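Thank you all for coming; I would like to walk you through one model this morning, going from the overall picture to a few individual residues. Please have the sequence and the structure open while I talk.

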Amino acid sequence: MASGSGSGGSRGQDGAEPKNLEALLKFALEHTPGGEVPDESTQNHAPMSEERREWLNTALSGMYKDVVKEMQKCLDILNEKLESDNDEDQEQKENALEYLQDLCDSMDNANDLHKIGGMPTLMKCLHSSNGEMKWMCADLLATMSQNNPYMQQVLIDDQFLPVLLDLLDKDCVDMVRIKALYALSCLVRTHTNAQKEFIKLDGFSFLIRALQSGVNKLQTKSAFMLKAMIVDNTEFKDMLYKMGFVQQLVALIQTPHDVSHEHMLSVLNNLVTNHPGCIKECQEPNLQLESTLQQKLKDLKGKEEYQEELEYTKELLSKCFPKDNSSSMDR
């Protein structure tokens with residue numbers, strides 16, 4: 001593998017050459033001139049000689065080339081065997097995606113995978129007839145784009161967003177839908193262009209359908225994504241209000257109780273905060289939200305495992321029905 005474990009030592013104390021990137025960086029720090037690093041442990045070392053500096057540059061360059069070479073090998077396997085349903089070929093493809101996942105934990109490696117032309121291959125993986133390939137690829141895309149504006153823009157430019165939305169909405173394998181949602185969340189989070197494209201593609205409608213899916217993990221992750229987007233940009237509240245999200249969320253928390261209710265209540269709490277329109281809609285008698293929340297207070301009281309859901313219920317009552325429920329919540 002191109003990236004080794006952190007067991008390699010650095011030359012200077014035991015005379016051994018650094019064995020991996022972590023050790024190389026440690027070696028470089030240990031031989032940095034004392035005045036450049038305000039750390040007492042490094043100030044006792046002599047400045048790095050030109051010979052050692054050249055060796056380090058060569059070693060780092062070689063390691064970089066090794067990583068790129070390894071990523072290219074993975075892409076070659078995926079391209080050559082993508083249509084094969086042979087068990088051995090399938091295992092090799094899954095290993096290749098898993099290896100790319102490990103390598104792309106590094107933001108630089110993720111960016112380099114794009115620069116060496118890896119995105120068309122990943123797009124093919126998303127269109128595979130094999131569910132395992134699709135969800136592993138979506139998981140890789142999530143890793144590559146998380147907190148990485150460069151890759152977020154790449155995925156937008158290369159039209160990955162509509163493909164991921166389609167997988168979330170229509171795939172018959174729950175894990176594919178869950179990982180597609182994970183990739184969408186990483187892609188859209190805190191990225192203005194991605195959010196604009198998400199809205200253009202009616203992304204919120206895909207999320208409400210995921211909330212209604214009956215798949216707990218999908219419901220939970222959809223609620224997390226919604227909440228995160230509302231927190232990042234409060235202007236989304238108006239959009240969700242106009243799309244009828246209040247009614248949809250109220251209907252969901254009136255279904256037989258399950259673990260998703262906590263997350264639905266959390267989203268609803270965020271929607272009504274400082275939004276008179278959402279509060280007014282919650283107060284509509286035909287929604288019967290007040291009686292639903294009152295019943296939740298009774299059902300969840302004394303159950304420690306539902307403490308957070310109980311708190312969300314109390315918050316929502318205080319925000320939407322303050323006069324009617326101030327005394328009952330104190331009891």
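Let me begin with a convention, since I will be calling helices by number: a helix here is a DSSP run of H or I with at least four residues, and helices are numbered from the N terminus. With that in hand, I253 can be placed in helix α14, which covers residues 245-253. I should also say at once that what you are looking at is a predicted model.

I will stay with I253 for a moment. I253 counts as buried because its relative accessibility is 3%, and the cut-off for buried is under 20%. Setting aside residues up to four places away in sequence, I253 touches H261, M264, L265, L268, L289, T292, L293 and K296. One of these pairings spans a stretch of chain: I253 and L293 are 40 residues apart in sequence, while their C-alpha atoms are 9.1 Å apart in space.

Now the overall picture. The protein chain has 19 helices and zero strands, and of its 331 residues, 48% are buried. Among contacts with a sequence separation of 6 or more, 64% join residues that are 24 or more positions apart. The accessible surface of the chain comes to about 17300 Å², and carbon and sulfur atoms account for 47% of that area.

Which residues touch the most other members of the largest nonpolar core? They are L122, L141 and M144, in a core of 90 residues. The helix that gives the most to this core is α9, with nine residues.

So α9 deserves a closer look. This helix runs over residues 174-188, and its 15 residues reach 21 Å from the first C-alpha to the last, close to the 21 Å expected at 1.5 Å a residue. It is mostly covered, with 11 of its 15 residues buried, and the buried ones include V176, I178, L181, L184 and L187, but also R177 and K179. The cover over the buried residues of α9 includes α6, α7, α8, α10, α11 and α12. Just after the helix, T190 takes a positive phi of about 55°.

One of the elements covering α9 is α6, and the two can be described in much the same terms. Helix α6 has 15 residues and reaches 21 Å from its first C-alpha to its last, close to the 21 Å expected at 1.5 Å a residue; 13 of those 15 residues are buried. At the N-terminal end, α6 is capped by N130, which has a side-chain oxygen 2.9 Å from the backbone nitrogen of E132. After α6 comes N147, whose phi is positive, near 55°.

Within α6, which spans residues 131-145, I would draw your attention to K134. Is this lysine buried or exposed? K134 is buried, with a relative accessible area of 11%, and its side chain makes a polar contact with the side chain of D171 at 2.6 Å. Leaving aside neighbours within four places in sequence, K134 is in contact with C125, L126, S128, L167, D171 and V176; V176 is also among the buried residues of α9.

Returning to the core, M144 has contacts, beyond its neighbours within four places in sequence, with C104, A110, L113, M119, L122 and M151. That list brings in a cysteine, and with it the matter of disulfides, of which the structure holds zero. Why is C104 not bonded to C74? The sulfur of C104 has its closest cysteine sulfur in C74, but at 9.1 Å this is too far for a bond, because a disulfide needs the two sulfur atoms within 2.5 Å. C104 is buried, at 1% relative accessibility, and C186, in α9, is buried as well, with a relative accessible area of 7%.

Finally, two loop residues whose backbone angles you may want to inspect. D202 has a positive phi of about 60° although it is not a glycine; D202 is found in the loop between α10 and α11, and is partly exposed, with a relative accessible area of 38%. Q288 likewise has a positive phi, of about 55°, although it is not a glycine, and Q288 is placed in the loop between α16 and α17.

Methods: Residues are numbered from 1 along each chain as its sequence is written. This is a predicted model: local features need pLDDT of at least 70, side-chain atom pairs count only at pLDDT 80 or more; totals for chains, interfaces and linings use all residues. Side-chain values use heavy atoms; hydrogens and water are left out. Buried means under 20% relative accessible area, exposed over 50%, partly exposed in between (1.4 Å probe, protein chains only). Contact means heavy atoms within 4.5 Å. Accessible areas come from the Shrake-Rupley method with a 1.4 Å probe; for residues, only the protein chains shown count as cover. A polar contact is a pair of N or O atoms within 3.5 Å; within protein, one must be able to donate a hydrogen and the other to accept it, and residues adjacent in sequence count only if both atoms are side-chain atoms. The expected span of a helix is 1.5 Å times one less than its number of residues. A nonpolar core is a set of buried Ala, Val, Leu, Ile, Met, Phe, Trp, Tyr and Cys residues joined through side-chain atoms within 4.5 Å.
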